[in-house]
Amino acid sequence: MRLIVRVYLAGLFKVSGTANAPTDGPLIICPNHIGTIDPPLVPAFVPRGDTWSMAKSEYFRNPVINWLFSSYHAFPVVRHTADRAALRRAFDLVNDGHALVIYPEGTRIEAGVLAKPEPGAGFIAQRCACPVLPVALTGTAECLPKGAKWPRRVKVTVTFGAPFVVLQHRATDDSRVSHEEAAEAIMLAIAELLPPEMRGEFSDLEGWKSRLAGTTRPA
């Protein structure tokens, strides 16, 4: 994937912030999800070789796509459910010191802007209590639109933000941080890395910062 991207998108592709990514130890990686190319793209540029990804179970029904996803350590999760098998595998991987890619929104957002997340990423981040690495993707929706058979040459960026830990209790008043608030805190970190026109539900950065104050700390 690295070679394909750097050659095919020569002069149009930019990755930044890789120094923010811990090179070992437990890690949860949370990108926005706007394009079909996102699942193989993100792990290709994480600077470590033990990255795993949760992907919707529908992808694994096609033998070719199953092979492709499995080749970069993806495993299925049944969306919109408490998929206990997928959760166990996620916890085992992180507890064993691996990196796990989770898309907090739970699906590709065709509008190309941030949507409200599902609580799953927040739940896993709180339960594992390990660093969370926010990742912002731009241009991937245009690069490989739904139904396209070949990528288009457009500007694509991958930006890794600073890692942080999602807390169980707010640092400000020790009140409980819900799984929904934990997931929103992750999305806020992604929003800060994106251009304003892509922030969607998280366009009001200052309002969200005030609402979620004390829910995270630097890793």
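Begin with the whole chain shown as a surface: it exposes about 10,400 Å², of which carbon and sulfur atoms supply 55%, with areas taken from the Shrake-Rupley method with a 1.4 Å probe and, for residues, only the protein chains shown counting as cover. This is a predicted model, in which local features need pLDDT of at least 70 and side-chain atom pairs count only at pLDDT 80 or more, while totals for chains, interfaces and linings use all residues. Residues are numbered from 1 along each chain as its sequence is written, and side-chain values use heavy atoms, with hydrogens and water left out.

Switch next to the C-alpha trace, which spans about 50 × 35 × 30 Å along its principal axes. In cartoon view, look for eight helices and nine strands, which are DSSP runs (H or I, at least four residues, for helices; E, at least two, for strands) numbered from the N terminus.

Colouring by burial then picks out the 50% of the 219 residues that are buried, that is, under 20% relative accessible area with a 1.4 Å probe and protein chains only.

Now select helix 5, residues 120-128, where the buried residues are A121, G122, I124, A125, Q126 and C128. Keep these side chains displayed and add their partners: they pack against strand 2 (27-31), strand 3 (51-56), helix 4 (84-95), strand 6 (132-138), strand 8 (164-166) and helix 7 (179-191), a contact being heavy atoms within 4.5 Å.

Finally, step just past the end of helix 5 to A129, which takes a positive phi of about 55 degrees.
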